[in-house]
Amino acid sequence: MTVTNESDDPQVPIVCTECETTSRVPLADVADAVDRHNEQLHDGDEVAAVDPDVADQIADLVATELGLLEE
Ligand SMILES: [Zn+2]
């Protein structure tokens, strides 16, 4: 595992209401982390998810990144 640019790699909180846990993962790993958690701990049920409070901000982040890439 390599961590090269954690400062500009946004960390996204994943919340699991059933486990009562919050874990932060890099934006690029969010989908995998959610899938892995739900598969390993909840038989594939979609229990864990991105914190709804930041889901909007993530959408903005992604939009911004896409905008920057287009430039
Ligand atoms: Zn869980």
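# Working through a small β-β-α-β-α chain

Of the 71 residues in the chain, 4% are buried (buried needs 20 or more other C-beta atoms within 10 Å of a residue's own, exposed means 12 or fewer, partly exposed lies in between, and C-beta atoms are placed from the backbone). Keep in mind that this is a predicted model: local features need pLDDT of at least 70 and side-chain atom pairs count only at pLDDT 80 or more, while totals for chains, interfaces and linings use all residues. Numbering starts from 1 along each chain as its sequence is written.

**Exercise 1. Work out which elements the chain has and where confidence is highest and lowest.**

Start with the inventory: two helices and three strands. Helices here are DSSP runs of H or I with at least four residues, strands are runs of E with at least two, and both are numbered from the N terminus. Reading from that end, you get β-β-α-β-α.

Now for confidence. pLDDT is the predictor's confidence in each residue, from 0 to 100. The chain averages 85, and 85% of the residues score at least 70. Helix α1 comes out highest with a mean of 96, whereas helix α2 (residues 52-70) is lowest with a mean of 80.

**Exercise 2. Lay out the sheet: what is the strand order, and which strands stand at the edges?**

Take the pairings one by one; two strands pair if DSSP finds at least two bridges between them. β1 and β2 pair in the antiparallel sense over six bridges, with Val12 opposite Val25 in β2. On the other side, strand β1 (residues 11-16) pairs with β3, also antiparallel, over three bridges. There, Cys16 sits opposite Ala48 in β3, and Ile14 has Val50 as its bridge partner.

Put together, that's an open sheet of three strands in the order β2-β1-β3, with antiparallel pairing. β2 (21-26) and β3 (48-50) each have a single partner strand, so they stand at the edges and one side of each is left without a neighbour in the sheet. On average, neighbouring strands of this sheet are turned by 30° against each other, direction ignored.

**Exercise 3. Place helix α1 against the sheet, then check its length.**

First the placement: α1 (residues 30-42) lies across β1, β2 and β3 and runs at about 20° to β1. Contact means C-beta atoms, placed from the backbone, within 7 Å. Axes are lines fitted to C-alpha atoms, for helices over the stretch in contact, with angles from 0 to 180 degrees between N-to-C directions.

Then the length. The expected span is 1.5 Å times one less than the number of residues. For the 13 residues of α1 that should be 18 Å, and the end C-alpha atoms are 17 Å apart, which agrees.

**Exercise 4. Examine Glu20 and Asp43: where does each lie, and is each buried or exposed?**

Glu20 first. β1 and β2 form a hairpin with four residues between them, and Glu20 is in the turn. Its phi is positive, about 55°, although Glu20 is not a glycine. Glu20 counts as exposed because it has 7 C-beta neighbours inside 10 Å.

Next, Asp43. This residue comes just after α1, in the loop between α1 and β3. Phi of Asp43 is near 55°, again a positive value in a residue other than glycine. With 8 other C-beta atoms within 10 Å, Asp43 is exposed.

How values were computed
Two residues are in contact if their C-beta atoms, placed from the backbone, lie within 7 Å.
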